[in-house]
Amino acid sequence: MSDEYYQMLRGKLDARAARVGVIGLGYVGLPLAVEFARAGFVTTGIDLDARKIDAVNQGTSYIPDVPTSEVARLVADRKLRATNDFSCVAELDTINICVPTPLRKTKDPDMSYIVSAVEQIANYLHRGMLIVLESTTYPGTTEELVQPMLEAGGLKAGVDFFLAFSPERVDPGNPTFNTHNVPKVVGGLGRESTELAAALYGAAIETIVPVSSPQAAEMVKLLENTFRMVNIGLVNEIALMCDRLGIDVWEVVKAAATKPFGFMPFYPGPGLGGHCIPIDPFYLSWKAKQNGFDPRFIELAGQINGAMPHFVVDKIGDALNRHQKSINGSTILILGLAYKRDIDDMRESPSLDVMALLHQKGATIRYADPYVPTLAARAWHGGFDMQTEPLTPQAIAAADCVAILTEHRTVDYGMVLNSAKLVVDTRNAIAGSHAHVLKLGAPAPALPVAIPGCEKAMA
Ligand SMILES: NC(=O)c1ccc[n+]([C@@H]2O[C@H](COP(=O)([O-])OP(=O)(O)OC[C@H]3O[C@@H](n4cnc5c(N)ncnc54)[C@H](O)[C@@H]3O)[C@@H](O)[C@H]2O)c1
């Protein structure tokens, strides 16, 4: 039977006549749904969030990398719509699952979103469908968790329906690489599932990279994110070393990056953030430990990266100390809340940890981020809601210390440099050396106030 279903779905995919669905319309799902719709498929997005559904159906984008004009055009052309009604699955030929995969506090994978979405699909699963999991997860999820849930109703994967895993590689805020032009790795349960998933993506995405199994595809994503996490951990440790040795890590990385082979620059910072790099490697770690394997690199990088917000707080304390001030009682302006530059995503942002730590030590905390107008109390564990400060010379000058934690490109760092009393720069946003700027991983400038007998040791 599978060949008959394969031919049927293959024909629909090649003719762009397949009705495609995307479950979870977030940073991953909305851009993907838009690409499918642009490729000519009638695309249905399914989400639980009524605001997202309304926005899409009104032709509005809430994801910065997806232009509203594009959503409006596709909705007007009846190529894209959104709903919270899972019964539409009965009418769909393909489904991509793009729901969150957070970690529990214990660093165990939280599979509840995948389980909930797959339960809903299982209610309406029908012969000849293709289901593709995109959420980042531990190797084995597609075959050990998703497949049995879908087969519980009696249909068999690879025979009655098709199943694959394809990791999402979206990089929010990247002006060069987007869902359309980043190669897509696809691993299906058997040749037909892989080929159908490749045909679906091939209609909308430039390059498809088939691998031998869902498990291999799951592992590809975890290798990529572990690679980043470990290398960021390495460069953060080098930054701590440079800080101790009085060497400028930024100068060192820049010069090392001129090597045309065998080196790839990673940059230090206040810690890891986002929905992927701080989380995904622990999915792998959890699975490895279950199989009696101790993943040492992941744990070590996790410790180093996790300690960076504490190091930044110490650096701010040192900086204030040089001005005869303490953290307790000082006003500290956090410049940049998002976990990386030029985006609005604050998930797992180290800025939130730094703010909470400074608050606990008695500082008065303010923040400025052009992408994050408001901050709820629960997001930063500070006990009160906040609003961004205007990025004016007055607001900058009002702080005892400005801590640059995210280097958004729209910020005028010349103005920050000229207005601030004191700056702790964790991103090398301010070029050159200045008496009132302390950089993460770089020698401190000469003390503004000389302490008799300590000038050399402290400088
Ligand atoms: N954001 C990234 O940069 C990125 C990059 C690569 C991979 N990923 C992975 O992709 C997956 C999705 O991440 P995201 O950033 O798009 O998350 P997100 O939180 O932006 O979006 C997830 C969406 O799923 C919806 N949702 C949750 N449960 C649902 C359910 N049962 N049914 C229907 N909708 C449901 C939520 O309302 C939300 O709109 C995660 O596994 C993540 O690790 C994310």
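A polar contact is a pair of N or O atoms within 3.5 Å. The model discussed here is predicted.

Q: At the start of α3, which residue's backbone nitrogen does a side-chain oxygen of D49 reach?
A: A polar contact needs N or O atoms within 3.5 Å. The side-chain oxygen of D49 comes to within 2.9 Å of a backbone nitrogen at the start of α3. That nitrogen belongs to R51.

Q: Why do the buried residues of α3 line one face of the helix?
A: An α-helix has 3.6 residues a turn, so residues three or four places apart point the same way. In α3, residues 50-57, the buried ones are I53, A55 and V56. Seen down the axis of α3, they line one face because they fall within an arc of 165°.

Q: What do the buried residues of α3 pack against?
A: The buried residues are I53, A55 and V56. Their packing partners are two helices and a strand: α2 (29-38), α4 (68-76) and β3 (80-83).

Q: Are the two faces of strand β6 covered, and which residues lie on each side?A: In a regular strand the side chains alternate between the two faces of the sheet. Strand β6 spans residues 162-165, and both its faces are covered. The buried residues are F162 and A164 on one side, L163 and F165 on the other.

Q: In which sense do β5 and β6 pair?
A: Strand β5 covers residues 130-133. I131 has L163 of β6 as its bridge partner. The chain crosses from β5 through helix α6 (residues 141-151) to β6, in a right-handed β-α-β crossover. Over four bridges, the pairing of β5 and β6 is parallel.

Q: Which residue in β7 stands opposite F165?
A: β6 and β7 (residues 184-188) pair in the antiparallel sense over two bridges. F165 is buried in β6. Opposite F165 in β7 stands G187.

Technical notes: Residues numbered from 1 in each chain as written. Predicted model: local features only at pLDDT ≥ 70, side-chain atom pairs only at ≥ 80, totals over all residues. Heavy atoms only, no water. Buried < 20%, exposed > 50% of the residue type's maximum accessible area, 1.4 Å probe, protein only. Arc of directions from axis to C-beta. Contact = heavy atoms within 4.5 Å. Polar contact = N/O pair within 3.5 Å; in protein donor to acceptor, adjacent residues only side chain to side chain. Pairing = 2+ DSSP bridges. Right-handed = clockwise from strand over helix to strand, strands pointing away.
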